[in-house]
Amino acid sequence: MKKITLSAFFVMVLAVSAFSQQVISSSGISNPNLGNFENEVKFNFLNLIVLGAFEVGYERFLSESHSLDIQLHINDRFGYNAEGNGKTFKTNSIQSGMNFYFGNNPNGRFHVYPFVKFRFGDYEESAPGGISTTDMAAFILGAGAGYKWEVSQHFAFGPYLSVARNFSDAVSSKFTGVELNGGFSLGYRF
């Protein structure tokens, strides 16, 4: 079941990516916030510092007001649960969403984004009889909001916060069904 879900997710991402390529080539974006750039590679440096979680993403602008966003989260934690004292997250995830930008401030804009995420891996915790393992595989739907300062022709950065619901009974019984995430991303546009 996990392989089928993961395969379906990858097919969906590829289909959306192919569609976005077609839209971009026929639209010709001209936005003062974007300059001549239609792509952004970004990473969440706050979670890297605080949690040791590496979150990297690619954003493809489909127009001046929305973009396709794909992210890879390595050492993905459930919310801000700490490791240590016999607790270890061995999880990664893939996330895809759409960013919708508001306003025409040349120095930055607010954005909201719905997203779909698939987490896979295990959570291990020391137990009296050995190590207790929880399968963290979960399909997750969520939404978030943030702000991006577009400080130069190539760089953008800003905070964001999201809330999501996972659809895994094992994860919900160990933690909770609702998960908060946030961070501060730094992006390079080209």
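1. A polar contact is a pair of N or O atoms within 3.5 Å, where, within protein, one must be able to donate a hydrogen and the other to accept it. In this predicted model, the side chains of Lys42 and Asp69 are joined by such a contact, at 3.2 Å.

2. The setting of Lys42 deserves attention. The residue belongs to strand β1, which covers residues 39–44. Its relative accessible area is 9%, so Lys42 counts as buried, the limit being under 20%. Leaving aside residues up to four places away in sequence, Lys42 touches Glu55, Val56, Gly57, Glu59, Asp69, Gln71, Asn99, Lys148, Leu186 and Gly187. Asp69, the partner in the polar contact, is thus one of the residues that Lys42 touches.

3. The largest nonpolar core has 11 residues: Phe78, Phe89, Tyr113, Phe115, Tyr123, Met136, Ala138, Ile140, Tyr160, Ala164 and Val171. Two or more of these residues come from each of β5 (108–127), β7 (138–150) and β8 (155–166). The greatest contribution, three residues, is that of β5. As a general background, nonpolar side chains in soluble globular proteins tend to be buried together.

4. Ile140, a member of this core, has a mixed set of neighbours. With residues up to four places away in sequence not counted, Ile140 touches Phe115, Val116, Lys117, Arg119, Ala164, Arg165, Asn166 and Glu179. Phe115 and Ala164 appear among these contacts and also belong to the core.

5. Aromatic pairs number 17 in the structure. One of them joins Phe89 and Tyr123, with 4.7 Å from centre to centre and 50° between the planes, a tilted arrangement. Phe89 lies in strand β4 (residues 87–102) and Tyr123 in strand β5, so that this pair links distant parts of the chain, 34 residues apart. Phe89 and Tyr123 are both buried, and both are listed in the largest nonpolar core.

6. A second pair is formed by Phe110 and Tyr147. Its ring centres are 4.7 Å apart and its planes stand at 70°, so the pair is edge-to-face. Because Phe110 is in strand β5 and Tyr147 in strand β7, the pair ties together parts 37 residues apart in sequence. The two partners differ in exposure: Phe110 is exposed, with a relative accessible area of 54%, whereas Tyr147 is buried, at 16%. Both also take part in a cluster that ring pairs build from Phe43, Phe45, Phe110, Tyr147, Trp149, Phe157 and Phe184.

7. Strand β8 is paired with two other strands. It runs antiparallel to β7, to which nine bridges join it, and four residues separate β7 and β8 in the hairpin that they form. Within this pairing, Leu141 has Arg165 of β8 as its bridge partner. With strand β9 (residues 178–189), β8 pairs in the antiparallel sense over 11 bridges; here Ser162 has Asn181 of β9 as its bridge partner.

8. The two faces of β8 should be read separately. The covered face consists of Ala156, Gly158, Tyr160, Ser162, Ala164 and Asn166, and the uncovered one of Phe155, Phe157, Pro159, Leu161, Val163 and Arg165. Tyr160 and Ala164 of the covered face are also core residues. On the uncovered face is Arg165, whose charged end sits over the ring of Phe167, 5.6 Å from the ring centre.

Note on methods:
Residues numbered from 1 in each chain as written. Predicted model: local features only at pLDDT ≥ 70, side-chain atom pairs only at ≥ 80, totals over all residues. Heavy atoms only, no water. Core = buried A, V, L, I, M, F, W, Y, C linked by side-chain atoms within 4.5 Å. Buried < 20%, exposed > 50% of the residue type's maximum accessible area, 1.4 Å probe, protein only. Contact = heavy atoms within 4.5 Å. Phe/Tyr/Trp six-rings, centres within 6.5 Å; stacked < 30°, edge-to-face > 60°. Lys NZ or Arg CZ within 6 Å of the ring centre and 35° of its normal. Pairing = 2+ DSSP bridges.
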